[in-house]
Amino acid sequence: MNDLSNRAISIKADLLTKRYGDFIAADALSFEVYKGEIFGFLGANGAGKTTAMRMLCGLSLPSSGSATIAGFDIYRETEKIKKNIGYMSQKFSLYEDLTVLENIRFYGGIYGLSDGAIKEKSEAIIARLGLQSEADKLVSALPLGWKQKLAFSVAILHQPHIVFLDEPTGGVDPVTRRQFWDLIYEAAEEGVTVFVTTHYMDEAEYCNRISIMVDGRIEALDTPHNLKQQFQADSMDDVFYKLARQAKRVDL
Amino acid sequence: MRTIKFLLQKEFRQIFRNKSILAIIAVMPVVQLAIMPLAADYEVKNINLSVVDHDHSTYSQELVSKITASGYFRLMAYSSSFKEAMQGIESDQADIVLEIPAGFEKNLIREDEQKLFIAVNAINGTKANLGGAYVNQIIRAYNQDIRLELVQPTRMNPIPVIEITATNWFNPSMNYKVFMVPGILAILVTMVGGFLSALNIVREKEVGTIEQINVTPIKKYHFILGKLIPFWILGNVVFTVGMLVSYLLYGIVPLGNMGVLYSFIAVYLLAVLGLGLLVSTFCETQQQAMLIMFFLMMIFILMGGLFTPIESMPEWAKVVSSFNPVTYLISVMRLVILKGSGFRDILSHLGIIASFAVVLNTWAILNYRKTT
């Protein structure tokens with residue numbers, strides 16, 4: 001994956017900033033993410049990861065700076081961006097009072113998939129996740145791990161260029177986390193750019209490149225291998241610890 | 001259009017799975033219409049009367065029995081002194097004290113004139129007002145009787161007398177239920193529509209599902225329509241159930257055309273739902289939305305002409321109630337149900353409500369932000 005820089009650029013952020021009054025949640029973020037890359041976004045709680053991600057998804061307008069997502073401008077073309085991205089928020093946000101199939105059908109419909117495509121996708125997702133016997137159960141009845149896998153599958157239902165995952169594996173058991181990352185790899189293999197935030201350092205190792213945010217700024221950005229060398233650390237844990245303890249901001 | 005189809009499908013599935021919404025739609029109109037009109041009674045009964053009879057004559061006895069026989073009064077006490085009776089008022093046991101002076105009968109016969117004294121406990125204004133008026137009326141009637149008895153009727157009245165005969169149009173027996181039930185139904189439709197729509201979007205905000213909607217390319221007006229249409233249908237259902245209940249329980253059949261009523265309700269619901277949606281765009285939690293809706297509902301109910309006529313309100317209050325959608329619905333309901341007004345008679349009401357609907361919904365769509 002050393003030839004990443006030759007690939008097309010999926011996300012390009014330039015001095016992207018979000019201010020809330022005096023508080024700078026995200027401070028002059030500049031980075032590029034390449035097509036098909038798994039880009040890890042690390043940082044302590046309150047470092048500004050979610051703020052950054054919400055700006056990139058078009059959920060929140062930046063205070064200054066510029067960015068293009070899948071080639072579309074973050075200010076003027078938010079609706080075009082939304083056609084081309086998938087998003088999975090920190091908080092599980094499929095409809096708990098709809099069944100698995102109904103959720104898939106609903107989001108398929110919203111993204112403008114044809115009835116045939118929705119049917120095909122539904123079957124594929126159910127088969128891939130092994131949810132055959134749960135397909136007609138309410139989502140609220142599923143265990144968290146399955147919910148997260150379902151939410152991810154729904155987020156990439158419409159074959160977006162980029163998928164944003166905000167702490168997708170929080171609170172999920174290690175086995176399910178592994179399975180979740182298999183799903184991420186499969187998506188990346190198909191050319192989907194994956195932008196993922198996480199607190200798990202083993203997951204950070206799975207990423208092609210990672211950036212580490214401290215107090216709203218990106219303090220480090222490279223492959224896990226290079227970062228370990230740069231910070232003379234044995235593991236990503238050490239790298240993270242060395243950077244994160246400089247943080248002055250308290251947990252939000 | 002396809003997007004709306006999916007939105008409606010989702011919304012209806014959620015509604016039919018939500019037992020509390022179904023209960024609100026089915027039970028609220030029935031219970032409220034069954035109970036409220038009985039309680040919101042304009043006829044004041046059981047007025048507690050305390051009599052101080054200094055005369056103890058046949059006439060004073062007759063007068064008291066006339067008053068108690070009217071059915072509006074309950075004779076609480078026969079006091080020997082006014083002071084004693086006043087204590088009854090002070091301890092809230094009596095609402096009205098009627099004092100009959102000594103020599104009532106004698107003076108009435110000899111001098112053709114006598115005075116009575118009435119003291120009214122005005123803590124409960126309505127009761128005091130009406131109670132006083134009732135007593136007055138009964139005494140006047142009694143006065144007539146005595147005149148007939150004492151003064152030999154001549155061919156012509158010695159004093160010119162103007163007698164008034166009143167007819168109550170549109171509600172001949174002055175049945176207050178006929179008058180209250182349509183008003184209460186108007187409030188019900190408003191409450192159900194306003195609360196359901198306001199709470200629905202805010203619930204999506206609270207649960208976080210709206211976030212997932214906001215990252216999709218869905219158009220704002222699609223989303224709002226997807227919320228509006230299901231609750232519009234529910235509002236019509238509540239109204240229909242309400243009309244059925246008022247027919248079954250109170251035998252109220254609209255004199256006017258049901259089509260006129262339904263076409264007004266159709267536009268009215270758009271306005272109320274628009275208000276609910278607008279409130280939801282300003283709120284982050286269901287609690288906030290609930291409190292704001294309660295605040296508005298209180299104004300709507302008290303300033304909508306349900307209990308007190310708008311014509312008797314001060315000027316500023318009239319202005320406020322002209323911005324109250326409920327005012328127009330109550331008025332149209334009474335016009336069509338009691339008076340049998342036609343489409344042309346409610347056209348101005350319809351026009352005003354339609355502009356409410358346009359303004360509120362446009363505002364709601366503009367204020368709904370997919371991006372903050």
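Which residue stands opposite Ile69(A) in E5(A)? Keep that one in mind for a moment, everyone. Before I answer, a quick reminder that we are looking at a predicted model.

So, the answer: the partner of Ile69(A) is Phe72(A). These two belong to neighbouring parts of a hairpin, which E4(A) and E5(A) make with two residues between them. If you look at the turn itself, you will find Ala70(A) there, with a positive phi of about 50°. The strands of this hairpin run antiparallel, and two bridges join E4(A) to E5(A), the latter covering residues 72–73.

Now look at the other pairing of E4(A). Strand E4, residues 64–69 of chain A, also pairs with strand E1, residues 9–20 of chain A. That pairing is antiparallel too, and it extends over five bridges. If you would like a residue to find on screen, take Lys12(A), which has Thr68(A) of E4(A) opposite it.

Let's move on to where chain A meets chain B. On the chain A side, 34 residues are in contact, and they touch 27 residues of chain B. Together the two chains bury about 2,700 Å², with 53% of that on carbon and sulfur atoms. Which residues of chain A lose the most area to chain B? They are Leu59(A), Tyr95(A) and Ile110(A), and together they account for 21% of what that side buries.

There is plenty here for those of you who like charges. The rule finds four salt bridges across the interface of chain A and chain B. One of them links Glu102(A) to Arg13(B), where the closest N and O atoms are 3.0 Å apart. As for polar contacts, the count between the two chains is 13 residue pairs.

Which elements of chain A give two or more residues to this side? They are helix H2 (78–84), strand E6 (85–88), helix H3 (100–110) and helix H4 (115–129). The largest share comes from H3(A), with six residues. Sorted by class, the side of chain A that touches chain B has 16 nonpolar, eight polar and 10 charged residues.

Last stop, chain B. Its domain assignment gives two entries: domain 1 takes in 2–40 + 173–367, and domain 2 takes in 47–150. How far apart do the C-alpha centres of domain 1 and domain 2 of chain B lie? The distance is 47 Å.

That's my tour. Thanks for listening!

How values were computed. Residues are numbered from 1 along each chain as its sequence is written. Chains are lettered from A and ligands numbered from 1 in the order in which they are written. This is a predicted model: local features need pLDDT of at least 70, side-chain atom pairs count only at pLDDT 80 or more; totals for chains, interfaces and linings use all residues. Side-chain values use heavy atoms; hydrogens and water are left out. Two strands pair if DSSP finds at least two bridges between them. Helices (H or I, at least four residues) and strands (E, at least two) are DSSP runs, numbered from the N terminus. Contact means heavy atoms within 4.5 Å. Buried area is the accessible area (1.4 Å probe) that two parts lose on being put together, summed over both. A salt bridge is a side-chain nitrogen of Lys or Arg within 4 Å of a carboxyl oxygen of Asp or Glu. A polar contact is a pair of N or O atoms within 3.5 Å; within protein, one must be able to donate a hydrogen and the other to accept it, and residues adjacent in sequence count only if both atoms are side-chain atoms. Ala, Val, Leu, Ile, Met, Phe, Trp, Tyr, Cys and Pro count as nonpolar, Asp, Glu, Lys and Arg as charged, and the others, Gly among them, as polar. Domain bounds come from an automatic or database domain assignment.
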